[in-house]
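This report covers the fold, the salt bridges and the surface of one protein chain. The sequence and the model come next.

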Amino acid sequence: MNGIYANVKVDKYCIMPDHIHMIITISEEFPPLATPPNIPRIIQQFKGVVTKRAKRSIWQKTYYDHAIRNQTDYDEVWRYIENNPLKYLLKTRNEW
């Protein structure tokens, strides 16, 4: 995404065995006459690039999104993404 849209960047991500988490930031600065991308378009592009590189689709049709509206929310989501692999590992170890 960082290479597809100049005003979109991935601030944080975590790839899990069966899902992915991302914080996507869309800058409010757009080139003249450019149409700002929206989340559905960004996710569609992302899934398309990954599908092309994997040479097969690995995605479910739907996804969950959450608009981060303030710094507190951003920090909570960041921590959730940061801690998700450890939580997953601890959960799977307890299931053995």
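## Salt bridges

Lys12 is buried, at a relative accessible area of 14% (buried is under 20%, exposed over 50%, and partly exposed in between, with a 1.4 Å probe and protein chains only). This is a predicted model, in which local features need pLDDT of at least 70 and side-chain atom pairs count only at pLDDT 80 or more, while totals for chains, interfaces and linings use all residues. Residues are numbered from 1 along each chain as its sequence is written, and side-chain values use heavy atoms, with hydrogens and water left out.

A salt bridge is taken as a side-chain nitrogen of Lys or Arg within 4 Å of a carboxyl oxygen of Asp or Glu. The count by this rule is 2.

| Pair | Closest N to O |
|---|---|
| Asp11 and Lys9 | 3.4 Å |
| Glu82 and Lys12 | 2.2 Å |

Glu82 lies in helix α2 and Lys12 in strand β1 (residues 8–15), so this pair ties together parts that are 70 residues apart in sequence. Helices (H or I, at least four residues) and strands (E, at least two) are DSSP runs, numbered from the N terminus. Unlike buried Lys12, Glu82 is partly exposed at 45% relative accessibility. In the other pair, Asp11 is partly exposed at 21%, and Lys9 is partly exposed at 45%.

## Fold and helix α1

The protein chain has 2 helices and 2 strands, arranged along the sequence as β-β-α-α. Of its 96 residues, 20% are buried.

Helix α1 (residues 39–54) has 16 residues and an expected span of 22 Å, which agrees with the 22 Å between its end C-alpha atoms; the expected span is 1.5 Å times one less than the number of residues. Which residues of α1 are buried? They are Ile42, Ile43, Phe46 and Lys47. Seen down the axis of α1, these residues fall within an arc of 130°, so they line one face of the helix; the arc is that of the directions from the helix axis to the C-beta atoms. The buried residues of α1 pack against β1 and β2 (20–26), where contact means heavy atoms within 4.5 Å.

## Surface

The chain exposes about 7,900 Å², and carbon and sulfur atoms supply 53% of that area. Accessible areas come from the Shrake-Rupley method with a 1.4 Å probe, and for residues only the protein chains shown count as cover. Leu86, Leu89 and Leu90 make a nonpolar patch of about 280 Å². Patch residues have over 30% relative accessible area and no salt bridge; like charges are joined within 9 Å, and nonpolar side chains (Val, Leu, Ile, Met, Phe, Trp, Tyr) within 5 Å. Leu86 belongs to helix α2 (residues 71–95) and is exposed at 51% relative accessible area.
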